[in-house]
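Please work through the exercises below with the sequence and the coordinates open beside you. Each task is followed by a solution that goes step by step.

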Amino acid sequence: MAEGQFLKATDLQEACELLAQYGGKARLLAGGTDLMVAVNQRKLFPEVLVYLGDSGLNYINAEGDNLVIGAATPFTDIMRSDRVQEETPLLAEVISHLASPAIRNVGTIGGNLANGSPAADSATALLALGASLRLRSKTGEREVAVEEFFTGPGETMLEPAELVQEIIIPRQIGGAKWAYRKLGKRKAQTLSIVSVAISCPLEGGQCQGVRIALGAVAPTPILATEAARILEGKAMDAKLIDKAAKAAAEATRPIDDVRGSAWYRRRATEALVKQLLAQISA
Amino acid sequence: MTMKVVGQRVKRYDGMAHVTGETRFVDDVIVPGTLTVKALRSPVSKGTIKTMDTSSAEAMPGVAGVITAEDVPCNAYGLVPDQPVIADETVRFKGEVVAAVAAVDEDTALEALEKINLEIEEEECVLDPLEAMKPDAPKVRPEGNVFMYDERPFRQIILGDIEAGFKDADVVVENEYVHPSLEHAQLELQTSLAVPAASGKLTIYTVSQALYFHLGQLCGILQMEPDQIQCKSWAPKTGSSWRHNAGFSDVNYIGGTVGGGFGSKNDIHADHVTALLALKTGQPCKWRWTREEDLLYSTFRGAWFITIKDGVKKDGRIVARQMKSIRDAGGYSSLNPYVVDKHSFVATGPYFVPNVQIHGYCVYTNKPPASSMRGFGVTPSVFATELQMDKIAQELGMDPWEVRFINAYRTGDQTPTRRVLNSVALVEVMQKLAEKAGVDLPDKLKNMNSKERGWT
Amino acid sequence: MHSLELTVNGRSYQTTVTLKTTLLEVLRDKLFITSPKVGCNSGDCGTCSVLIDDKLVRSCITNALSTQGKEITTVEGLSKPGHLHPLQEAFHEKYGAQCGFCTPGMILAAKALLDENPKPSRKDVREALSGNLCRCAGYGKIVDSVMAAAEQMGQAKN
Ligand code: FES
Ligand code: FES
């Protein structure tokens, strides 16, 4: 059997160069919480692993109006960061429901995104927060909105030699309202059946720039844009909330699987959106 | 006199080993030179094996041995010995073992499985027990899809006169209950290690919850005398030395080290295969199922379809119970016939019903064999009965507590299996329960006791 | 084959692994340290929990080569002869272990918690242990055990 290569990238540059050098053969390894499951299940036979644990991509910085998080930052670090708790509390909340402490200790935000799961919990938070991703390869970099990043189940717009460098999140200084709920088979260590994250800046009682993100109800995490449009510029009342929740359910394209039926997912989406909007408007 | 144990909190004898990591479960027993076992499983729910060619697998470097049905001296086991260790010709469920490999490591073993040339002709299967009971259903087994209790296709329990009971009733309450199948999901996977010795003896490290049963079955399968097998149940390692047992006569049978069983280890899952491979290769063989295999193919609590028809008096008394329970047994008997028995025996729950007719069916389908799980069929029986009690209360507009108090067993009552109860405390238990739950029972119920019926 | 050096319970080891070897395989199959168990091999159950540089991880989905030079702790490393860690003591005293299969992982998850938060609430304990399954369902007694250990350790400090 092929020996395989384990290459430690000491910085971003090196990681990009190694990816360029080995092309599609190389897989990035950070916490390994997704990758090693696939290896154990013999769905993946990596020939080259590029290890990002010591690549310096573990940071949380404020840059102007944005919070910038290195892709290889473990969830626990993000969740516990004072800055994140103050400036993007929705993200901290979402992470606290993600998997379990041991997974959060090593699982990274970049890995969660790059894995492209429709149920990636961090993605719903980032969608709601209007975040973007900086992608980097040896030959260049680009910034894409999170909603463009996912292209299908397990698929993203990452090129073979490209990696997620960092996540750029607009800081929500001074009180955007938000709410989150994850519906799983149990509370911890569970994949979402449906997850809903809503960020709703209110100005003078009116919704301004509301974003409703839905997880595990479509081939990718999605934004319920029509639902948001219904709320935009309006003050929320029960009728409006109903209408928005219905529109959110309409936006879903769920599947039947072991965790829940498409029918259930659609209904649950409506119920959760309704519940969370009511919570925000209260 | 203060007793040492009775009435005292007693420390677990194995607790210290558990908290220090000393406890050795089967997978923690490491014997040098142990081969890794992997099984080839049927990809279809029902079919006939047309080709089984293991020669290229056997020829692979690192493969020590491959076994198929041909290698099993007596290829039938179980309570009703109807299950092959390795499927011979017919497969009856998806995941049934059709061959097994012992190799130097997991990768080699898995690669060898891929080299086995297996052709199965798929046949129409039946997965729903209600369908399986129909006369023109595909046959899971040549003799029919319903287990025969002597001359009847069901276990029958009769007490009193069911017709008279229904005549006497004011209302009839009839409902259907479905109890889905459940997996034990014990944390320790099905695991076995078999170590052969030059003397011809065989040591098996087992996760069994039923050591003597399994020892007997293994002797049957392997056609060996009991004293040729040492079926060891492992006590925790104490200090630094192992307690080795020299012969059958001093085997330590006191408590196996089982990492959770809940009934999942009342059937042999792995010991027969490791034993056969160990004997064939002359090397220690270990088989640890994957979690997927355990969830998909090990035994589980089969589903139940239960109909209860009760004749009830306006005052709340149940005077007749007719119950029909259908157990989805999967492809083989395992402990299913016994599970149906126990289910049927307790079909009135802890309540006295003078006229009873119970029919418990054990029906085969093309699924992995169901078997025991925490209560051997009693739990689904109780589940249906207790729901039915609430339905009766609803129907009569009565307090659900009262319906239960009225019908609860009293001293001297007869169970459906005609056992006369001479020590009953159910009413008192329910009174205590209500108190703990903060329910203030009406005086009528507070004053009841288990000695007297309280009504006639 | 790649060479791997790591420290387990204070002792350093050198061994060889492949690209896909997990830390759990290194511990069990190479070093014969068997308290971390194989419960699922997919990161779902927590029976393989160990500490890497005092951080709780699941060793079944930890790539062995990513632990190069790291310090691993398993439950074997918590006690010295004749002297149990207060958590081990408490799990024994308070019946925190039934079949014992989840116990090593539970104790390590609890240790990771108490190292950071010596005075946890019951809710904190439940949260910290939320990724560790006990199918014997002895959760109440497990939480009791951790609370008792926390108390005992707090007293010892004062
Ligand atoms: S064995 Fe690692 S989490 Fe289950
Ligand atoms: S004690 Fe058995 S699984 Fe926890």
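The exercises treat two interfaces of this predicted model, one between chains and one between domains.

**Exercise 1.** Describe the extent of the interface between chain B and chain C, and state which residues of chain B lose the most area to chain C.

*Solution.* Begin with the contacts: 31 residues of chain B are in contact with 35 residues of chain C. Next take the area, which comes to about 2,600 Å² buried between chain B and chain C, with carbon and sulfur atoms giving 59% of it. Finally, rank the residues on the side of chain B, where Lys11(B), Val19(B) and Leu187(B) lose the most area to chain C and together make up 26% of what that side buries.

**Exercise 2.** Characterise the polar and charged pairing between chain B and chain C, and then the make-up of the side that chain B contributes.

*Solution.* Apply the salt-bridge rule, with its limit of 4 Å from nitrogen to carboxyl oxygen, across the interface of chain B and chain C, and five salt bridges are found. The side chains of Arg28(C) and Asp28(B) meet in a salt bridge at 2.8 Å, N to O. Then count the polar contacts, which amount to 13 residue pairs between chain B and chain C, both residues being at pLDDT 80 or more. As for secondary structure, helix H1 of chain B (residues 15–20) supplies the largest share of the side that touches chain C, namely five residues. Sorted by class, that side of chain B holds 11 nonpolar, nine polar and 11 charged residues.

**Exercise 3.** Locate the two domains of chain C and analyse how domain 1 of chain C meets domain 2 of chain C.

*Solution.* First set the bounds: in chain C, domain 1 covers 2–77 and domain 2 covers 86–157, and their centres, taken over C-alpha atoms, are separated by 21 Å. Second, count the contacts, in which 16 residues of domain 1 of chain C touch 13 residues of domain 2 of chain C. Third, evaluate the burial, about 1,200 Å² between the two domains of chain C, 65% of it on carbon and sulfur atoms. On the side of domain 1 of chain C, Leu51(C), Leu56(C) and Val75(C) lose the most area to domain 2, together 38% of what that side buries.

Fourth, test for pairing: the rule finds zero salt bridges between these domains of chain C, whereas five residue pairs are in polar contact, both at pLDDT 80 or more. Lastly, strand S3 (49–52) and strand S4 (55–58) of chain C are the elements that give two or more residues to the side of domain 1 that touches domain 2, and the largest share, three residues, comes from S3(C). By class, that side of domain 1 of chain C has six nonpolar, six polar and four charged residues.

Conventions
Residues numbered from 1 in each chain as written. Chains lettered and ligands numbered in written order. Predicted model: local features only at pLDDT ≥ 70, side-chain atom pairs only at ≥ 80, totals over all residues. Heavy atoms only, no water. Contact = heavy atoms within 4.5 Å. Buried area = accessible area lost by both parts, 1.4 Å probe. Polar contact = N/O pair within 3.5 Å; in protein donor to acceptor, adjacent residues only side chain to side chain. Helix = DSSP H or I, 4+ residues; strand = E, 2+ residues; numbered from the N terminus. Nonpolar A, V, L, I, M, F, W, Y, C, P; charged D, E, K, R; others polar. Domains from an automatic or database assignment.
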